[in-house]
Amino acid sequence: MKILLLRTFPSVMDPAAYNSQEIGLARAFVRAGHRCGVLYYSGKEPAHDEQAAVPGSGQTVTVHWRPGHNFFKNGLFRPAQLKELVAQYDVLQVAEYDQLTSWWLYRHPPGGRLVTLYHGPYQSGFTKGYNLKCRVFDLLFNRPDKNAGVPCFAKSRMAEAFLRQKGFAQALPVGVGLDKDTLAAPYDPAARPAAAARPGFELLYIGVLEERRNIRFLFEVLAETARELPDVRLVLVGRGDPAYRDACFAYAESLGVRGRIDYRERAPQAEVYRLYNHANLLLLPTQYEIFGMVLLEAMYFGLPALTSLNGGSDVLMEDGATGLVQTGFSAGEYAARILWLAAHPAEQARIGAAAHAAVEREFLWDSIAQKMLEVYAQQAQQKGLAL
């Protein structure tokens, strides 16, 4: 089978970047015995192809760079070049229902080819621009009565529900995968018991410092926890708007917890696994998340995570089994769960081991590729396609 993954956004990617989703999934398809390519937007740069290695196989993924235009955050490729490229593949998997190139292909599938959709966003109070874009798109282009036959993969159950509201009746939540070949170190089952045995209790946050990620609330949770757990600390890693960052740290000062925060703007990717291994708990009280790769990474390294109900936790975690998922935003309730985990060090190891096992079982790209291949085969049979 020849599969093309089309990233239809008008942004220039770095295919060598850590855990590029398209490259990770494409490598999994190649390992499963299929030919796979990735279409990336190259802006005004001329069309060209390059090869991305599939470690351990001697095979490659073909990365097709094609020029185009950014039209209101839609990547529009040159029609002749796009037509020539898709003619080389049997399965075309497009990104996001509201991207115009995606819409054109799933609404008008080229003859003899299967077109599928892989979608992540959903609407919330923190996606006002996206909400508006969807309203305009739905008014001008979307026809829910014609979407029922489009096979879809959703990055979360929230995204699945969003797609079904748009008429996509065949939406299957599969999550997002991890590419172990990009990790600097393997999972160490001894890390969690060692962290639990150390004095003190270390919380970890990794991500952008922004309002959506609820940084002030994060500091409120830290302050509430410190009332009962005097040796709690927070390792905070991430960049953000300086004004917002400084305002957050001023708030931490007013709460009396600034001295408990070890802040750094960034950590080299080759060293991030050490942060996961050393901490006792990842804390991510985000108000909106399409998926949250930090949750997936933490789980892989066996670090328990306490997070809100969001697009990552709703498909990745089972509350109390493979992580801690908190509905609502009460600093007292978050602190209570932290205090419970601190008082039960064996639970840190148990939840961490279960989280790692869940990732190995369901959320490596190879597992997700197999789910997609099953759908491809079913759809090809139903539609009479020879893939």
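What follows is a conversation in which a colleague asks how certain descriptions of this predicted model are justified.

Colleague: Let us begin with helix α2, residues 79-86; which of its residues are buried?

Modeller: The buried residues of α2 are L82, L85 and V86. Each of them is called buried because its relative accessible area is under 20%.

Colleague: How do you know that these residues line one face of the helix?

Modeller: Looking down the axis of α2, one finds its buried residues within an arc of 90 degrees, so they line one face. It helps to remember that an α-helix has 3.6 residues a turn, so residues three or four places apart point the same way. On the other side of α2 lie A80, K83 and E84, which are exposed.

Colleague: What covers the buried residues of α2?

Modeller: The covering elements include the strands β1 (2-6), β2 (35-41), β4 (59-66), β6 (74-77) and β7 (91-95), together with the helix α3 (100-107).

Colleague: How do you know that C36 has no disulfide bond to its closest cysteine?

Modeller: A disulfide needs two cysteine sulfur atoms within 2.5 Å, whereas the closest cysteine sulfur to that of C36 belongs to C152 and is 18 Å away, so the two are too far apart for a bond. C152 is in no disulfide either, since the cysteine sulfur nearest to it, that of C134, is 14 Å away. A search of the whole structure agrees with this, for it finds 0 disulfides.

Colleague: Are C36 and C152 buried or exposed?

Modeller: The limit for a buried residue is under 20%; C36 has a relative accessibility of 2% and therefore counts as buried, and C152, with a relative accessible area of 2%, is buried as well.

Colleague: Turning to helix α12 (residues 331-343) and helix α13 (residues 345-362), what makes α12 roughly perpendicular to α13?

Modeller: These helices pack at an angle of about 100 degrees, with their axes 5 Å apart. Angles of 65 to 115 degrees count as roughly perpendicular, and that makes α12 roughly perpendicular to α13. Their contact is made by W340, L341, A342 and A343 of α12 and by P345, E347, Q348 and I351 of α13, and by class it has 6 nonpolar, 1 polar and 1 charged residues.

Colleague: Why, then, are α13 and α14 called oblique to each other?

Modeller: Helix α14 covers residues 365-383, and α13 packs with it at an angle of about 40 degrees, their axes being 6 Å apart. Roughly parallel would require an angle under 35 degrees, and roughly perpendicular one of 65 to 115; the pair satisfies neither condition and is therefore oblique. Here E360, R361 and E362 in α13 meet S367, I368 and K371 in α14, a contact that by class has 1 nonpolar, 1 polar and 4 charged residues.

Colleague: What makes T225 a buried residue?

Modeller: T225 has a relative accessibility of 0%, and because the limit for buried is under 20%, T225 counts as buried. T225 sits in helix α7 (residues 215-226), and, leaving out residues up to four places away in sequence, T225 touches V232, A335, I338 and L339.

Colleague: Y122 lies in a loop, between β8 (114-119) and α4 (128-140); how do you decide whether Y122 is buried or exposed?

Modeller: The same kind of comparison applies, for the relative accessible area of Y122 is 8%, which is under 20%, so Y122 is buried. Not counting neighbours within four places in sequence, its contacts include T127, Y130, M158, F162 and Y288.

Colleague: What is unusual about the phi of K73 and that of E96?

Modeller: Most residues other than glycine have a negative phi. K73 has a positive phi, near 65 degrees, and is not a glycine; E96, also not a glycine, has a positive phi of about 70 degrees.

Colleague: Where do K73 and E96 lie, and are they buried or exposed?

Modeller: K73 is in the loop between β5 (68-71) and β6, and with a relative accessible area of 63% it is over 50% and is therefore exposed. E96 is in the loop between β7 and α3, and its relative accessible area of 6% is under 20%, so E96 is buried.

Definitions and conventions: Residues are numbered from 1 along each chain as its sequence is written. This is a predicted model: local features need pLDDT of at least 70, side-chain atom pairs count only at pLDDT 80 or more; totals for chains, interfaces and linings use all residues. Side-chain values use heavy atoms; hydrogens and water are left out. Buried means under 20% relative accessible area, exposed over 50%, partly exposed in between (1.4 Å probe, protein chains only). Helices (H or I, at least four residues) and strands (E, at least two) are DSSP runs, numbered from the N terminus. The arc is that of the directions from the helix axis to the C-beta atoms. Contact means heavy atoms within 4.5 Å. Axes are lines fitted to C-alpha atoms, for helices over the stretch in contact, and angles run from 0 to 180 degrees between N-to-C directions. Angles under 35 degrees count as roughly parallel, over 145 as roughly antiparallel, 65 to 115 as roughly perpendicular and the rest as oblique. Ala, Val, Leu, Ile, Met, Phe, Trp, Tyr, Cys and Pro count as nonpolar, Asp, Glu, Lys and Arg as charged, and the others, Gly among them, as polar.
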